[in-house]
Every structure is written in C-alpha cells, then in structure tokens.
Amino acid sequence: MRVAIVGSGPAGFYAAEALLKRTDELIHVDMFDRLPTPYGLVRGGVAPDHQNIKAVTRVYEKTAARPTFRFFGNVRLGQDITVEELRRHYHQIVYAVGNEADRRIGIPGEGIPRCTPATVFIGWYNGHPDYRHAKIDLSVSRVAVVGNGNVAIDAARILLRTPAELEKTDIAAHALEVLRNSQVREVFILGRRGPEQASFTSAELKELGEMEDAEPVVAASELAGCVASPESALNSQQEKNLKILQSFAERPPGTKPKKLHLRFLVSPTEVIADAAGNVCGLKLEKNRLELQPDGTTAARGTGEIETLEVGMVLPAIGFSLERIAGVPYDEKARIIANEDGRVVDPVSRSVIANEYVVGWARTGAQGLIGSHKAASAHVVAHMMADGATFAARELPDREAIVSLLRGRGLQIVSFSDWKQLDDVEVARGERRDAPRDKIVDVAGMLAILAQH
Ligand SMILES: Cc1cc2nc3c(=O)[nH]c(=O)nc-3n(C[C@H](O)[C@H](O)[C@H](O)COP(=O)(O)OP(=O)(O)OC[C@H]3O[C@@H](n4cnc5c(N)ncnc54)[C@H](O)[C@@H]3O)c2cc1C
C-alpha cells in the first residue's frame with residue numbers, strides 16, 4: 001500500500017508513524033513538503049526561547065529513518081504536483097498542510113506599514129523563508145498585540161526578551177540583529193473578551209512573570225470588571241490563568257524597564273496612521289460580556305472608544321487554510337472539507353474516497369503538538385478501515401513519481417539532504433553558542449546541497 005502525506009508538520013509525522021508502525025500491512029509513505037526543511041510549525045512557529053519543545057523532532061527522525069519512508073522536500077502541492085497526479089501514484093492521500101494564512105481583523109487601517117500579522121512577525125523571527133524579507137521596524141517604543149492566545153504571548157515575549165536571552169536560541173540571525181537594536185519598551189496584549197475566556201495555556205502565561213528585563217502589568221480593574229462564569233463552569237486552565245493574572249495584579253510596581261500590559265474587554269476598531277502613513281495608534285472599543293443562553297460568553301461593544309498610542313500593531317487572532325488547487329475547501333471553517341478526517345465534497349458532503357486530512361488543516365488552528373498524535377492515529381484507523389477500496393488498484397512504479405518531479409526540473413530534497421542542511425545549521429550555530437543558525441532562503445539551501 002502506498003500513501004502520500006502532504007505536509008511534514010507534527011500531524012503529518014504522527015500520521016506517518018501510525019501507518020509505518022502497522023505490522024499487518026506493508027505500507028510505503030512518501031511525505032511531501034513545500035519547503036526543503038521538515039517539521040512545519042515546530043521549526044517555523046514554536047518560539048525560539050522554547051527549545052525544549054522542539055526536541056519532539058527526534059521522534060519524527062525515528063519515523064523518517066524507517067525503510068519504507070521517503071521525504072520529498074521542496075515540492076508544493078498545487079504547484080509542483082497536482083492532486084490528480086497524487087491520486088494516480090498513491091492508494092491514499094493524507095493532507096497535513098496546516099493553517100498557514102492569517103485571519104484579518106477587518107478594520108480600517110489594517111495593512112498599513114507597521115500593522116503586521118503575527119504570522120509574518122513569527123515567520124520572520126523563526127527564519128521561515130516566506131518571511132525573511134518582512135519589514136519589521138522596531139524603532140517604535142509601544143506595540144499592541146491583538147489576540148488572547150499563546151501566539152499573542154509568544155510575539156509579545158520575543159519583543160521583550162533581552163538579546164542575551166535570545167542569542168542562545170535558534171532565532172534567525174536577521175531577527176536577532178533587529179531585536180538587538182529594538183526600541184520597544186511596552187507591549188499591550190489586547191483581548192476582546194475577559195480573562196476567563198483567554199485561551200493562553202497557564203505555563204505560557206506564568207512565563208511572562210519570569211522575563212529578565214520585562215514584567216507583566218495587570219490592572220486590578222481589568223480582572224474585577226468581567227462577568228464571572230459560574231464557578232463550576234471554569235476548567236482547570238481557566239482557574240490557573242485567573243490565579244496567575246491575580247498574582248500579576250497584586251505585584252507591587254516593579255523596576256524592570258520593559259512592561260507587558262494585559263488588557264481585556266477591548267476590540268480594535270481602527271488602526272490610525274501618522275502623516276508618513278505608519279501606525280501611530282489603535283482605536284479600541286470597550287466591551288462588556290454577555291452570558292448567552294447556551295452558557296457561552298459573547299463580547300458586545302459599549303460604544304466607549306479610546307485611542308491607544310502605539311507605533312506597531314500585530315494582529316494575532318488566528319489562522320486559516322490557504323486554498324490548494326484540487327483540494328476540497330470548507331469556505332466557512334476555512335479548512336479542508338471533512339467529516340472526522342475523511343475528505344468530503346464541501347457541498348454534497350459525500351466522501352471523496354481515499355483522501356484524508358489531519359492536524360490544523362482538519363480542525364483549524366487548535367491543539368498543541370502532542371494532541372496530534374492521537375488525532376492523526378484516529379484518522380489512520382479510518383484509512384485502514386476503508387482499505388478495501390484501494391487494495392486491488394495497480395499503481396505506477398515507486399520511482400515514477402521521482403522521474404515525474406525531476407522531469408519538471410525540481411530539485412527534490414530527501415531526508416538525508418535535510419540532515420546535511422541540519423548539520424550545516426548546527427555548525428553555524430556554534431559560533432553564537434546556539435542550537436543552530438538557520439538558513440533562511442530556499443535558494444541558499446539548494447545551493448548548499450548542490451555543493452555536497
Ligand atoms: C506561533 C506558534 C507557536 C506555537 N507554539 C507551540 C508550542 O510551544 N507548543 C506546542 O505544543 N504547540 C505549539 N504550537 C502549535 C503547533 O505548532 C501546531 O499544533 C502544529 O504545528 C500543527 O501541526 P500541523 O502538522 O497540522 O501543521 P504545520 O505544523 O503547520 O505543518 C504543515 C506543513 O505543511 C506544509 N505545506 C503547507 N502547504 C503545502 C503544500 N501546498 N504543499 C506541500 N506542503 C505544504 C508546510 O510547509 C508545513 O511544513 C504553536 C503554533 C504557532 C502558530
């Protein structure tokens with residue numbers, strides 16, 4: 001049986017692991033990624049000061065070392081290869097393409113210089129090739145980060161870390177240089193709803209109290225002003241978060257030079273530009289919370305407006321899937337149309353045989369890395385249950401896909417090629433005592449491989 005997995009992030013690798021571990025079936029897995037480097041957001045999203053989380057790639061390396069696994073890096077579905085071609089060469093396809101596009105707030109002024117989606121900022125500091133040329137101007141002193149999830153926290157924390165805290169990480173060298181000269185002194189994390197509804201994980205929130213040069217600031221009124229859910233409705237993460245925020249609010253004013261303000265119950269309504277067209281402020285509307293009949297809480301604008309003076313705005317309000325030619329797209333949820341991981345026609349909802357989706361492309365941007373292990377295995381169980389539909393189908397030779405791609409002049413990056421790049425990056429990193437110094441452009445990566 002031959003399976004194509006498109007995307008080499010955690011969800012793709014856990015699907016590969018579940019397939020390759022099976023002893024009842026000989027399964028060949030070919031994994032494609034549009035980048036020459038594997039691991040998706042573990043490389044391009046997880047914050048550089050969270051190196052321990054990246055150790056998970058050792059598990060993926062073990063999967064990649066299995067004899068029936070091949071990696072085809074630098075191959076983009078929808079551009080270098082089509083869905084039809086994958087259908088011809090494989091019995092089953094698993095889409096594991098994540099959620100790489102950002103969501104827009106949809107307010108006037110969004111998109112002016114220094115109003116930069118967090119996706120761009122994060123990709124830039126993580127050395128993602130798509131964002132290496134992003135214009136990140138940190139000559140401003142105050143920044144607003146819009147959103148109440150871990151991505152907002154990551155962006156704020158990286159803005160406030162000292163160069164010494166960052167240089168021993170795998171942060172991209174170009175970003176370290178800009179951050180060294182950063183003038184940012186205050187960051188505001190802005191939540192539309194209250195502290196209870198924030199989706200920060202407690203460990204990330206707590207870490208805000210442990211930065212070398214920066215400290216969290218929470219006004220007691222921010223916590224008092226929200227409608228508390230009935231006590232029983234709070235889950236353990238919400239309870240922990242509230243305790244942490246309470247402890248921040250009770251801190252006496254600190255002496256650290258940089259401040260991280262956590263504000264709740266405000267929605268941005270307009271990004272304001274100065275005479276040169278750059279961000280100089282963000283209009284905010286005060287919200288109140290309304291308890292809905294179904295027990296959820298909604299934020300409603302009160303009409304009370306304030307202007308927050310900031311020189312940069314980073315919206316971090318979520319992600320969506322960019323449409324890929326030939327892959328059924330769910331317009332509303334902005335994911336691949338699916339029923340429990342089986343790809344379906346978005347209109348009729350009928351199952352498209354032998355096509356599956358895992359990870360963020362299946363659910364939207366929710367869930368930590370570890371959550372994909374069980375979720376991808378669940379979808380692999382469907383693949384096995386549906387197996388009768390592929391068993392008899394004859395496929396072209398296994399090497400035919402390689403000839404097809406090479407015939408298009410593509411430089412395919414194998415897993416051993418990636419390991420060469422990995423060695424080069426690790427060696428470069430030693431110069432600043434960092435785990436690696438990333439190569440940030442695809443042409444540069446391919447040139448290194450051409451020399452070896
Ligand atoms: C900023 C940020 C920080 C995070 N930090 C943490 C953390 O500290 N801890 C934690 O547990 N979780 C963290 N997460 C969540 C975690 O990264 C995700 O749960 C996980 O990466 C989602 O896995 P995925 O495989 O679905 O997608 P991804 O990791 O996004 O992988 C998708 C892959 O598909 C490839 N691809 C996309 N389109 C194509 C195409 N057309 N053709 C070929 N390949 C394609 C991409 O190049 C990418 O390699 C973070 C997420 C973000 C955004």
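Is Asp433 buried or exposed? Keep that question in mind while the tour begins elsewhere in this predicted model, and return to the residue at the last stop.

**First stop: a sheet**

Select residues 266-273, which make up β10, together with 297-308, which make up β12; these are the edge strands of an open sheet, and each of them pairs on one side only. Between them in the order β10-β11-β12 lies β11, and the pairing within these 3 strands is antiparallel. As general background, strands of a sheet pair through backbone hydrogen bonds, in either a parallel or an antiparallel manner.

Now add residues 279-291, the strand β11, and display the backbone: β10 and β11 run antiparallel and are joined by 7 bridges. To find one place where the two strands face each other, centre the view on Ala273, which stands opposite Val279 in β11. If you then look across the sheet from strand to strand, neighbouring strands are turned by 25° against each other on average, with direction ignored.

**Second stop: a pair of helices**

Select residues 118-125, helix α6, and residues 150-160, helix α7, which pack with their axes 10 Å apart and at an angle of about 50°. That angle falls neither under 35 degrees nor within the range of 65 to 115 degrees, and the two helices are therefore described as oblique to each other. The crossing of α6 and α7 is left-handed.

Show the side chains where the helices touch: from α6 come Ala118, Phe121, Ile122 and Tyr125, and they meet Val151, Asp154, Ala155, Ile158 and Leu159 of α7. By class, this contact comprises 8 nonpolar residues and 1 charged residue, with no polar ones.

**Third stop: two loop residues with positive phi**

Move to Arg334, in the loop that lies between β15 (329-330) and β16 (335-336). Its phi is near 55°, which is a positive value in a residue other than glycine. How exposed is Arg334? Its relative accessibility is 32%, and Arg334 therefore counts as partly exposed, a class that lies between the cut-offs of 20% and 50%.

Finally, select Asp433, whose place is in the loop between α16 (415-430) and α17 (442-451). Here too the backbone has a positive phi in a residue other than glycine, with a value near 60°. The opening question can now be answered: Asp433 is exposed, because its relative accessible area of 55% lies over the 50% cut-off.

Technical notes: Residues numbered from 1 in each chain as written. Predicted model: local features only at pLDDT ≥ 70, side-chain atom pairs only at ≥ 80, totals over all residues. Heavy atoms only, no water. Pairing = 2+ DSSP bridges. Helix = DSSP H or I, 4+ residues; strand = E, 2+ residues; numbered from the N terminus. Axes fitted to C-alpha atoms, helices over the stretch in contact; angles between N-to-C directions. Parallel < 35°, antiparallel > 145°, perpendicular 65-115°, else oblique. Left-handed = near helix turned anticlockwise from the far one by under 90°. Contact = heavy atoms within 4.5 Å. Nonpolar A, V, L, I, M, F, W, Y, C, P; charged D, E, K, R; others polar. Buried < 20%, exposed > 50% of the residue type's maximum accessible area, 1.4 Å probe, protein only.
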